[in-house]
Amino acid sequence: MKRDYQTHVFTMTYTADVSGVCSAMYELGGMSVLHDPSGCNSTYSTHDEPRWFDTDSLMYVSGLDEVTAVMGDDSVLISDVVQAARDLNPRFITLCGASIPHIIAFDYRGVAHLIEKECGIPVLPVATDGLKSYTSGVGLALRAFLERFADPAEHETAPANAVNLLGVTPLDFSINDNVKVLRRTLENAGLAVNACMAMGDSFETLTHAYRARCNVVVSSAGRRAARYMKRKCGIPSVEGLPIGADMAAALADAVRQSLADGLDRTVWDAFGNTGRYTVPDGGVVVIGEEVFAKSLAAAVNRLSPDKRGGREAYPLWPDEDEGLPEAEVIAAVRAAHTVIADPLYRVAARAGAPAEFIPFPHEAYSGRIYRADIPVFTGPDFSVESLLTGGASI
Amino acid sequence: MYRFAVYGKGGIGKSTTCTALSCAFAEMGLRVMQIGCDPKADSTLYLHGGERIPTMLDVLREKRDEATLSDLLCTGYRGIVCAEAGGPTPGLGCAGRGIAAAFEALDERDAFDIIKPDLVLYDVLGDVVCGGFAMPIREGYANRVFIVTSGENMSIYAAANIALAVENFRQRGYATLGGLILNRRNVPDETEKVETLAADLHTQILADLPRDNMISLAQDANRGVMEAYPDCEYAQKIRALAKAMLDGEGEPCETV
């Protein structure tokens with residue numbers, strides 16, 4: 001069956017890659033330039049960046065217009081960025097863009113080279129296209145940072161228990177205590193968090209990202225960076241989130257095993273469904289970012305059957321390039337007994353009428369609307385059992 | 001890794017030259033990758049017995065993100081790794097963007113780290129008319145551009161334009177001009193015209209390839225000339241050209 005990813009009648013789309021880049025770079029002292037007419041900039045600042053109103057960061061949009069795009073006149077962008085950089089003296093510059101530069105095959109690397117030559121400040125070209133989800137943008141940005149600023153030779157000096165957290169942005173973890181608890185959870189398990197990419201750690205700290213023995217990929221947004229570091233010096237990765245005590249222990253165990261044998265792991269076992277969007281009748285469906293959805297579904301399945309009504313949980317996650325095919329999401333929701341998802345999925349759930357809906361807000365899906373209701377879910381104190389009893393009838 | 005791009009006017013013999021060069025490099029023991037950057041997708045035709053291979057864009061349209069690196073590549077004569085960017089339906093879409101998308105797909109799949117070619121040869125459509133057709137000479141892809149030309153005026157004009165584009169992009173860290181490849185059409189004053197062009201561009205003629213019927217005869221048999229007639233004059237000149245391209249690698253090459 002050919003999937004229809006384009007039609008969204010009941011459901012939203014996830015935040016775009018350009019916001020992912022800006023989000024990943026927000027705290028690192030650089031200047032981010034979004035090459036775009038302007039719309040992506042206001043979407044980012046209004047909906048995707050919870051730190052916008054209380055933390056300064058140098059975020060700019062190029063104001064690309066039609067003739068400049070069609071004629072391939074890069075000089076406007078170059079002179080504007082050079083002038084801004086001279087005024088503001090950022091530590092580095094990130095150049096990303098939306099769909100118009102993408103379609104005209106804008107030369108990110110070449111323009112970055114020219115800007116850097118003129119102002120002497122490192123410029124990271126991050127060739128986003130405005131068409132993919134934020135996980136792509138975060139991933140490309142973190143990889144670009146590592147390529148430019150981190151030294152693989154430092155891996156030799158990494159302590160035996162040092163790990164990185166990869167894929168950390170407010171788009172998946174908001175600005176409550178999730179990141180703090182995530183760090184503490186791993187540290188309480190005897191692991192040392194070397195770098196958290198990219199919330200709560202400084203530029204300098206992240207430049208030493210190779211001083212780690214294992215990468216903990218806590219969002220699929222961290223996969224590109226993990227793959228890159230694996231290729232550079234063989235650092236293994238573990239995918240998973242410590243959602244609740246059981247998963248926290250499972251994640252720590254998986255990391256210890258990977259530290260010992262150097263192999264990649266996930267904290268979830270295979271899910272018994274027959275296809276990416278096929279969910280057996282009467283199950284629990286968890287919709288969200290892939291690592292989150294799989295970790296939470298695994299956490300539900302680890303409960304004793306009586307605590308989950310004898311039901312199995314199944315993850316549904318958006319494709320990075322295409323999003324979620326709405327018709328298949330609704331079919332899965334219709335088949336489910338319970339849906340755990342961002343509150344904006346409630347409309348889809350109504351269309352499908354499952355027995356109960358458990359709201360779990362996700363910044364990359366509903367932005368600021370339900371921010372106050374985003375729970376701290378990244379540690380042993382989060383109760384998956386209580387989550388399951390908190391559902392409401394549709 | 002050697003990274004060469006071959007440009008030139010449409011129909012001048014770029015694909016024939018590239019295919020023969022790939023064979024010559026492979027004969028030297030190099031692991032060669034040839035990437036066709038033309039919507040017609042016929043660059044590597046005679047490395048596969050005249051059979052077309054699936055283009056990268058067709059595979060991506062069908063499989064999207066599930067397309068693996070092996071879906072995008074084929075192995076042909078002498079183990080040469082072949083890829084064809086492909087392109088949209090004629091008259092629709094955007095061919096330049098198509099080339100960029102194909103290149104991005106290779107990057108996303110760490111193609112060069114996995115294939116580990118000793119030499120990559122980009123066979124690029126006609127002229128650098130937009131950003132997409134400049135992709136092969138951008139940073140990270142080819143670092144040397146070679147232009148195939150005959151003594152025909154239109155071919156010389158196209159070659160001069162391509163050289164100008166290469167020079168314009170020099171500050172961006174793009175490829176530099178490696179030289180001209182004279183592919184004879186046996187027009188009057190052919191040598192003098194191409195020598196004048198080379199002098200104007202401050203570059204050199206790396207090869208003087210004869211118009212050889214063996215090429216057509218080989219293609220009629222669905223084979224490349226290096227495979228079908230390895231001892232012909234053309235094949236010998238191609239081997240000398242391949243050697244000259246490797247010898248010139250890394251040396252500064254002055255352009256306009």
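Axes are lines fitted to C-alpha atoms, for helices over the stretch in contact, and angles between them run from 0 to 180 degrees between N-to-C directions. The exercises below concern a predicted model.

**Exercise 1.** Describe how helix α1 and helix α2 of chain A pack against each other.

*Solution.* Begin with the geometry: the axes of α1 (residues 17-25) and α2 (residues 39-48) of chain A come within 10 Å and cross at roughly 60°. An angle of that kind makes α1(A) oblique to α2(A), and the crossing is right-handed. Next, identify the residues that make the contact, which are A:V18, A:S19, A:C22 and A:S23 from α1(A), together with A:C40, A:T43, A:Y44 and A:D48 from α2(A). Sorted by class, this contact of α1(A) with α2(A) has four nonpolar, three polar and one charged residues.

**Exercise 2.** Decide whether B:A41 and B:R64, each with a positive phi, are buried or partly exposed.

*Solution.* Take B:A41 to start with, a residue that is not a glycine and yet has a positive phi of about 55°; B:A41 is found in the loop between β2 (32-37) and α2 (56-63) of chain B. A residue is buried if 20 or more other C-beta atoms lie within 10 Å of its own, and B:A41, with 21 C-beta neighbours inside 10 Å, therefore counts as buried. Turn then to B:R64, whose phi is near 50°, again a positive value in a residue other than glycine, and which lies in the loop between α2 and α3 (69-72) of chain B. B:R64 has 13 other C-beta atoms within 10 Å, so B:R64 is partly exposed.

How values were computed:
Residues are numbered from 1 along each chain as its sequence is written. Chains are lettered from A and ligands numbered from 1 in the order in which they are written. This is a predicted model: local features need pLDDT of at least 70, side-chain atom pairs count only at pLDDT 80 or more; totals for chains, interfaces and linings use all residues. Helices (H or I, at least four residues) and strands (E, at least two) are DSSP runs, numbered from the N terminus. Angles under 35 degrees count as roughly parallel, over 145 as roughly antiparallel, 65 to 115 as roughly perpendicular and the rest as oblique. A crossing is left-handed if the near helix is turned anticlockwise from the far one by less than a right angle, and right-handed if clockwise. Two residues are in contact if their C-beta atoms, placed from the backbone, lie within 7 Å. Ala, Val, Leu, Ile, Met, Phe, Trp, Tyr, Cys and Pro count as nonpolar, Asp, Glu, Lys and Arg as charged, and the others, Gly among them, as polar. A residue is buried if 20 or more other C-beta atoms lie within 10 Å of its own, exposed if 12 or fewer, and partly exposed in between; C-beta atoms are placed from the backbone.
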